[in-house]
Amino acid sequence: MYASRTYVFRGSASGITTTPYRTYSSTQTNFGRRVRGLGTSNNNDLGNVAVGSDNAISVYYDGAAAAATSIPVTSFTDLDAAWDVNNDGYADLVHANRVGVSAPMLNIYLHHGGPSGYFANPSTSFSTTASAYGVWVAGAGDVDGDGYGDLLYSYQGGAAAVRFGSSAGVSARLVALTGSGTTGYGRGVARLGDLNRDGYADAWVGDPDWSGEFLCSDDQRIHRGAAGTVAGRPSQIVTPADNGCRSYGPSLY
Ligand SMILES: [Ca+2]
Ligand SMILES: [Ca+2]
Ligand SMILES: [Ca+2]
C-alpha cells in the first residue's frame, strides 16, 4: 500500500523555509485530503496541525513528529479549527461528513479541547439535510459577540448557515444564510476574522456559478456579524474584475 505525505514548513524572517520541518506519512486512504492549522488546543503558545483522511483525523501537537490524537471518521468531507465554541479557554475542532446518496445528510461534529488536547469523541453534534455535492464547515469565530465561538457550514446548492456556540457546545440556535440563489452558493465557507473591526467576526461563503456559459457570475459573499446575530443576506459581494466563467470563489484560505 502506498503512503501519503503531508509537509509542514516553518516561517522565518525571510519567509517560508524551503526544507520541511515535519513530514507526516500515513497509509490511511487519502491522508492529507484536508490539512488545517489549529492554533493551540491545550493553552500554550505552540500551534497544532490536523490532517484528515478517509479513515481518521490525526492531530499533531506543538510541532511533534507523531500524532497524539486520532479521531475516527467515515464519509469525511471537511474539518477546521472551531476556535472556542464553549468559551472554556481551550480551542475546539469541528469536522463534517455526508452520508446517503438519494437523501444525503450532513453531520457536523464538535470536539472540545482540554489540557491534554482534543477529545477523540465529539462533545456535541447536529445533522441537516444536504445536497449530493460537497459540504463544508468552518469555525467562524465569535460572529454574534457573546464570547462563544460559532460554526459556519454549507452545502453546494444554495444553502449555508451559522450555528451559535454556548457553554454546552454548539447550540440549536442558527441563522440561515442566503445568497444569489444560484446553485454555486455554498461551495466553500471560511472564517474571515473581523473585516470591518466592529468587534464581530464576519462569515464568508463562496459562490462560483457554473449555471451556464452565458450566465456566469462568480463571486464571494460576506455576511457580517452583529450583536446577537449575523446578516442572513450578504453584506458585501466580492466580484473579480474579469468575472466570467472562471470558477472564482470556491475556496479561501
Ligand atoms: Ca473550548
Ligand atoms: Ca458567538
Ligand atoms: Ca465585523
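## A protein built from strands

Let's start with one pair: Val49 stands opposite Tyr60, which belongs to strand 7. This is a predicted model, in which local features need pLDDT of at least 70 and side-chain atom pairs count only at pLDDT 80 or more, while totals for chains, interfaces and linings use all residues. Residues are numbered from 1 along each chain as its sequence is written, and chains are lettered from A and ligands numbered from 1 in the order in which they are written.

Val49 sits in a pairing you can trace yourself: strand 6 (residues 48–52) and strand 7 (residues 56–60) run antiparallel, joined by 4 bridges. Two strands count as paired if DSSP finds at least two bridges between them. Strands here are DSSP runs of E with at least two residues, helices are runs of H or I with at least four, and both are numbered from the N terminus. The protein has 0 helices and 24 strands.

Now zoom out a bit. An open sheet is made of 4 strands in the order 5-6-7-8, with antiparallel pairing. Strand 5 and strand 8 are at its edges with a single partner strand each, so one side of each has no neighbour in the sheet. On average, neighbouring strands of this sheet are turned by 20° against each other, direction ignored; the axes behind such angles are lines fitted to C-alpha atoms (for helices over the stretch in contact), and angles run from 0 to 180 degrees between N-to-C directions.

Next up is strand 10 (residues 92–99), which has 6 of its 8 residues buried. Buried means 20 or more other C-beta atoms within 10 Å of a residue's own, exposed means 12 or fewer, and partly exposed is in between, with C-beta atoms placed from the backbone. Across the protein, 43% of the 253 residues are buried.

Strand 10 pairs antiparallel with strand 9 over 6 bridges, and Ala81 stands opposite Leu93 in strand 10. Strand 10 also runs antiparallel to strand 11 (residues 105–111), with 7 bridges; there, Val94 has Leu110 as its bridge partner. Strands 10 and 11 form a hairpin with 5 residues between them, and Gly100 in the turn has a positive phi of about 90°.

Most residues other than glycine have a negative phi. Here are two with a positive one:

| Residue | Phi | Loop between | C-beta atoms within 10 Å |
|---|---|---|---|
| Asn30 | near 60° | strand 4 (22–26) and strand 5 (34–39) | 13 other C-beta atoms, partly exposed |
| Ser75 | near 50° | strand 8 (69–72) and strand 9 (76–83) | 14 C-beta neighbours, partly exposed |
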